[in-house]
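Here is a friendly briefing to read alongside the structure. Keep the view open and follow the residues as they come up.

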Amino acid sequence: SGADGFMAKEDKAKLDGIETGANKVPPGVVVPYGGSTPPSGWLECDGAAVSRTAYAALFAAIGTIWGAGDGSTTFNLPDLRAEFIRGWDHGRGVDPGRTLGSYQADEFKSHSHTIWRGQAIGNSSTGSYNGDNMSFDGISGATGGSETRPRNAAPMFIIKY
């Protein structure tokens, strides 16, 4: 895919090749995509409300899992913009209570850091301390940015219709 979002002819041929026969990608498959405009047969996972009839095969696959749209003629696509994907627990017990298609707020596992102070004994250049002279001095201040995240890249998530 070029920087302008259009696919090269050979890339389109490859994509068209997986759209036929036994290799057909079923509606509802979500994939990361490197371009800025979804290819034919795909929509951006941007939470948009789309027609239940125009996208009947996709509606049959995902229904209203990601939102009911207007409740009668539309349904919502997943909104995966700026989201990390976490597989549905589906009874495993690692992330219990989650439902398919749910979103989860950011969180940092609760913890604290104890700060001790004491009197230097012996070689002050090494900072060695005698444990008998230690006393509690408080909790460390906050550090970090506005979210907890690993290194990451930002493709567009698209869904097959």
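What follows goes from the overall layout to the cores, the surface patch and the salt bridges. Please keep in mind that this is a predicted model. The chain has two helices and seven strands, and of its 161 residues, 20% count as buried.

**Overall layout**

- Reading along the sequence, you will meet the helices and strands in the pattern α-β-β-β-α-β-β-β-β.
- If you take the contacts between residues at least 6 apart in sequence, 59% of them join residues at least 24 apart.
- The chain exposes about 11,500 Å², and carbon and sulfur atoms supply 53% of that area.

**Nonpolar cores**

- In soluble globular proteins, nonpolar side chains tend to be buried together.
- Here the largest nonpolar core has 10 residues: Leu43, Cys45, Val50, Leu58, Ile62, Phe75, Leu77, Leu80, Phe157 and Ile159.
- Helix H2 and strand E7 (156-160) each supply at least two residues of this core.
- A second core, separate from that one, has five residues, among them Tyr33, Trp42, Met156 and Ile158.
- Ile62 is a good residue to click on: leaving aside neighbours within four places in sequence, Ile62 is in contact with Gly28, Phe75, Asn76, Pro78 and Ile159.
- Two of those partners, Phe75 and Ile159, also belong to the largest core.

**Nonpolar surface patch**

- On the surface, Ile65, Trp88 and Leu100 form a nonpolar patch, and together they have about 270 Å² of accessible area.
- Ile65 lies in the loop between helix H2 (56-62) and strand E4 (74-76).
- Ile65 counts as partly exposed because its relative accessible area is 37%, which falls between the 20% limit for buried and the 50% limit for exposed.

**Salt bridges**

- The structure holds three salt bridges.
- One of them joins Asp79 and Arg81, with the closest N and O atoms 2.8 Å apart.
- Both partners are partly exposed: Asp79 has a relative accessibility of 22%, and Arg81 has 46%.
- Arg86, Asp95 and Arg98 are linked in a network of salt bridges.
- Within this network, the closest N and O atoms are 3.6 Å apart between Arg86 and Asp95, and 2.7 Å apart between Asp95 and Arg98.
- Asp95 counts as buried because its relative accessible area is 10%, under the 20% cut-off.
- Its partner Arg86, at 47% relative accessibility, is partly exposed.

Note on methods: Residues numbered from 1 in each chain as written. Predicted model: local features only at pLDDT ≥ 70, side-chain atom pairs only at ≥ 80, totals over all residues. Heavy atoms only, no water. Patch = residues over 30% accessible without salt bridge, like charges linked within 9 Å, V, L, I, M, F, W, Y side chains within 5 Å. Areas by Shrake-Rupley, 256 points an atom, 1.4 Å probe, with all protein chains shown as cover. Salt bridge = Lys/Arg side-chain N within 4 Å of Asp/Glu carboxyl O. Helix = DSSP H or I, 4+ residues; strand = E, 2+ residues; numbered from the N terminus. Buried < 20%, exposed > 50% of the residue type's maximum accessible area, 1.4 Å probe, protein only. Core = buried A, V, L, I, M, F, W, Y, C linked by side-chain atoms within 4.5 Å. Contact = heavy atoms within 4.5 Å.
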